[in-house]
Structure formats: structure tokens, C-alpha cells
Amino acid sequence: MARILPILDQTAIPLAIEALRRGEPVAVPTETVYGLAADATNPAAIAAIYEAKGRPRFNPLISHVSDLDMAKVHVRVSPLAEKLAAAFWPGALTLVLPLSDTCRIHPLATAGLPTAAVRMPEGFARDLIAAFGEPLAAPSANRSGRVSPTSARHVEEDLGERIGLILDGGRCRIGVESTILAVDDAGLRLLRPGGIPVDAIEMVAGQAIQRPATQAGGAVIAPGMLASHYAPSAAVRLNATDARSGETVIRFGGVPLPGEDQAKMILDLSPSGDLREAAANLFDFLKRADASGAACIAVAPVPAHGLGEAINDRLARAAAPRD
Ligand code: TXA
Ligand code: MG
């Protein structure tokens with residue numbers, strides 16, 4: 001079983017570094033979700049991430065850096081990318097940039113692409129990377145196909161028997177994964193909506209972000225992202241305007257759904273209608289709704305603006321047909 005260590009424990013960073021040097025993945029809290037981190041330059045360590053997650057194939061991972069100089073060793077940072085990094089790093093923005101000539105991020109972490117996804121996380125994760133001295137590749141610390149973890153307990157439930165160390169930083173402040181943006185000669189392309197709203201990035205960039213075609217339900221198609229990536233085991237009914245007998249209800253803004261007195265459980269993403277609070281609660285509520293034993297989770301409409309774009313994207317994935 002994994003050892004769970006609070007990030008405030010003096011031994012957290014030294015023990016994590018020992019494990020990372022041995023090529024073992026370590027679960028680390030970030031402001032978005034918990035990541036399963038390993039040395040991005042070590043192919044055996046990256047393979048161990050895929051093994052622990054049970055990923056069906058090698059998807060490109062995000063490499064996390066502690067500062068812009070570390071990013072510049074591995075990717076080519078254009079002036080526009082640097083402007084975005086200055087505005088949003090550390091934070092929930094991942095930039096997909098061309099590999100540099102000095103790049104040592106292993107092709108297993110980039111899936112052999114000529115680009116790498118890089119992000120500078122906040123707080124403890126950033127301190128750990130600075131102490132380790134190399135980028136950490138880290139997908140969300142959940143088993144493949146499950147909802148992303150926003151607490152150490154979530155990680156333990158999913159991966160506790162497969163990894164050695166979980167660092168506990170409490171609940172993730174943002175609660176949905178980073179926004180992923182490709183920056184190249186063709187401009188800016190949204191690969192995944194996330195913790196930084198698109199309009200905030202457009203304001204800084206001074207240009208529009210292209211949105212690729214979305215699939216039915218509104219989920220953005222990005223490489224390596226399965227449609228039903230965030231699937232709970234219960235069925236998910238979106239934009240519900242009523243509750244049916246035996247369903248679990250996830251609502252928003254303190255607005256009751258007609259019929260919810262017949263519901264198994266009622267959760268409200270944000271009684272006051274705050275999208276930040278809703279994002280922070282989203283994955284925990286999907287897990288609780290799933291654990292309620294209801295065959296179906298009815299989710300009331302959530303506004304689509306700002307962080308609502310990422311929330312609706314994750315909900316569309318949760319409701320997508322399973323394979
Ligand atoms: O908030 C987050 O981004 C979290 C925390 C741990 O930082 N990480 C995360 O990683 O969500 P992951 O592996 O679940 O998502 C990485 C996604 C891939 O599914 C893929 O779509 C995209 O990043 N990606 C990575 N490298 C790429 C590349 N070179 N080109 C295009 N997309 C890429
Ligand atoms: Mg994930």
C-alpha cells in the first residue's frame with residue numbers, strides 16, 4: 001500500500017526525490033488535480049506511470065517545469081508563448097510547443113511528437129520540481145478511464161495498491177485539469193478547455209484562440225483524449241430539468257430540480273452559483289454520486305462561460321458512450 005505523507009512533513013521532498021531518482025512515480029498535489037509524477041527524461045520512469053495508470057496506450061503527457069529557463073531547455077518558447085507564460089505561470093495553462101535541439105524529455109512522454117506539452121504548476125509541486133532539477137511528466141493520478149483525483153484519498157482509492165508514495169496537499173484549489181493550448185506559426189489552438197478560461201488567455205494574447213471541432217456533447221477532441229475519459233460507472237444524464245425516481249442529482253446555483261425529493265442523493269456544485277466553487281467540487285461530486293449506488297446521475301445545466309467551458313467539457317465526457 002502507498003504511504004501517504006503530508007506535504008508539510010519535512011521528509012516529503014527528500015523522500016519524493018529518492019523515489020523519483022529510483023524511477024518510481026509519486027502522486028503529487030497540484031492546484032488543478034493530483035498528478036502521477038515521474039522523471040520526464042527517464043524512459044523506465046515514464047513507462048512506470050503508464051503501467052500504474054493502466055493506460056491502454058502511450059499518450060503524450062504534460063511535462064511540468066519549475067521555471068521558464070527549465071522550459072527553454074526542452075521546448076522552443078516563442079515571444080507569444082513567453083507572454084502567456086509570464087501572465088499565467090505558475091498556473092493552470094499548458095502550452096504545446098516545438099521541441100528544442102537540447103530537449104531531453106523522452107519520446108515516451110511526448111508520444112514521439114515533434115512538440116511537448118509544458119506547464120509550471122503552483123506551490124508544492126513547483127518546489128518539488130525545483131529540488132529535483134528535471135521536468136516531471138505527470139498525467140492525472142487516476143486509473144485510466146476514471147475521474148481525476150482532487151484529494152489524496154481519491155488517489156489512494158484508485159492507485160493505492162500500485163504506487164509507493166502519495167503526497168497529501170489537501171483538496172486541489174482549482175479542481176479541473178489545466179487548459180491546453182497549442183502555440184505555433186498558425187496561431188493559438190485550444191486542445192482542452194481547463195482551469196484558465198479561454199477569454200482570459202485571449203485578453204493577454206490579443207488574438208482569438210481557434211477551437212477545433214467538438215464531438216457530440218461538446219467535448220473538445222485532443223490527441224490522446226478518449227471520449228469517455230472521465231466516466232463514472234453510473235449513467236450520466238446531462239442538462240436535466242427534472243429528477244427521476246432513484247437518480248442522484250447534481251445541481252447548480254441552489255436551484256432545486258422538480259422531483260428531487262425522490263432522488264437518492266442531492267449535491268449542489270455551488271449553491272451560490274460560483275463557477276470556481278463548482279469546478280473545485282466537480283470530480284469529488286461525480287465520485288460521490290457514483291458511490292451513491294444510483295444507476296443514473298442527473299446533472300442540471302451549468303453555465304458555459306468562463307470556467308463553465310471546462311466543467312461542461314468534463315461533464316460531456318462523463319456522459320459520453322462507453323467503449
Ligand atoms: O492539470 C493538468 O493538466 C494535470 C496536472 C497533473 O498537471 N495533468 C493532466 O495530464 O491532465 P494528462 O496526461 O491527463 O493530460 C495530458 C493531455 C493529453 O491527453 C494530450 O491531449 C495533451 O495533454 N498533450 C500532451 N502532449 C501533447 C502534445 N505534444 N500535443 C498535443 N497534445 C498533447
Ligand atoms: Mg487525466
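**Exercise 1. The salt bridge between Glu-177 and Arg-314**

Task: In this predicted model, the side chains of Glu-177 and Arg-314 meet in a salt bridge, at 2.8 Å from N to O. Establish which network includes this pair and how many salt bridges are counted between domain 1 and domain 2.

Solution.
Step 1. The domain assignment places domain 1 at 3–205 and domain 2 at 235–319. The count of salt bridges between domain 1 and domain 2 is 1.
Step 2. Asp-313 forms a further salt bridge with Arg-317, and here the closest N and O atoms are 3.1 Å apart. Both Asp-313 and Arg-317 belong to helix H10 (residues 308–319), where they stand 4 residues apart, about one turn of the helix.
Step 3. The cut-off for a buried residue is under 20% relative accessible area. Asp-313, at 2%, therefore counts as buried, and Arg-317 counts as buried at 1%.
Step 4. Through shared partners, salt bridges join Glu-177, Asp-313, Arg-314 and Arg-317 into one network.

**Exercise 2. The contact between the domains**

Task: Describe the contact between domain 1 and domain 2 by its residues, its buried area and its polar contacts.

Solution.
Step 1. The C-alpha centres of domain 1 and domain 2 are 28 Å apart. Domain 1 gives 19 residues to the contact and domain 2 gives 15 residues.
Step 2. About 1,400 Å² is buried between domain 1 and domain 2, with carbon and sulfur atoms giving 57% of this area. On the side of domain 1, the residues that lose the most area to domain 2 are Val-147, Val-176 and Pro-193, which together account for 34% of what that side buries.
Step 3. Between domain 1 and domain 2 there are 6 residue pairs in polar contact, both residues being at pLDDT 80 or more. The side of domain 1 that touches domain 2 divides by class into 8 nonpolar, 7 polar and 4 charged residues.

**Exercise 3. Two salt bridges that involve loops**

Task: For the pairs Arg-104 with Glu-134 and Arg-146 with Asp-158, determine which parts of the chain are tied together.

Solution.
Step 1. The total count of salt bridges is 18. One of them joins the side chains of Arg-104 and Glu-134, at 2.9 Å from N to O.
Step 2. Arg-104 is in the loop between strand E5 (93–98) and H5, and Glu-134 is in the loop between helix H6 (123–132) and E7, so this pair ties together parts 30 residues apart in sequence. Arg-104 is partly exposed, at a relative accessible area of 42%.
Step 3. Arg-146 forms a salt bridge with Asp-158, with the closest N and O atoms 2.9 Å apart. Because Arg-146 lies in the loop between E7 and H7 while Asp-158 lies in helix H7, the pair ties together parts that are 12 residues apart in sequence.
Step 4. Arg-146 is partly exposed, with a relative accessible area of 36%, whereas Asp-158 counts as buried at 6% relative accessibility.

**Exercise 4. The surroundings of helix H2**

Task: Which residues of helix H2 (residues 43–53) are buried, and which elements are included in what covers them?

Solution.
Step 1. The buried residues in H2 are Ala-45, Ile-46, Ala-48, Ile-49, Tyr-50, Ala-52 and Lys-53.
Step 2. Their cover includes strand E3 (35–39), helix H5 (107–110), strand E7 (136–137) and helix H7 (152–159).
Step 3. At the start of H2, a side-chain oxygen of Asn-42 comes to within 2.9 Å of the backbone nitrogen of Ala-44. After H2 follows Gly-54, which has a positive phi near 65°.

Terms used
Residues are numbered from 1 along each chain as its sequence is written. Chains are lettered from A and ligands numbered from 1 in the order in which they are written. This is a predicted model: local features need pLDDT of at least 70, side-chain atom pairs count only at pLDDT 80 or more; totals for chains, interfaces and linings use all residues. Side-chain values use heavy atoms; hydrogens and water are left out. Domain bounds come from an automatic or database domain assignment. Contact means heavy atoms within 4.5 Å. Buried area is the accessible area (1.4 Å probe) that two parts lose on being put together, summed over both. A salt bridge is a side-chain nitrogen of Lys or Arg within 4 Å of a carboxyl oxygen of Asp or Glu. A polar contact is a pair of N or O atoms within 3.5 Å; within protein, one must be able to donate a hydrogen and the other to accept it, and residues adjacent in sequence count only if both atoms are side-chain atoms. Ala, Val, Leu, Ile, Met, Phe, Trp, Tyr, Cys and Pro count as nonpolar, Asp, Glu, Lys and Arg as charged, and the others, Gly among them, as polar. Buried means under 20% relative accessible area, exposed over 50%, partly exposed in between (1.4 Å probe, protein chains only).
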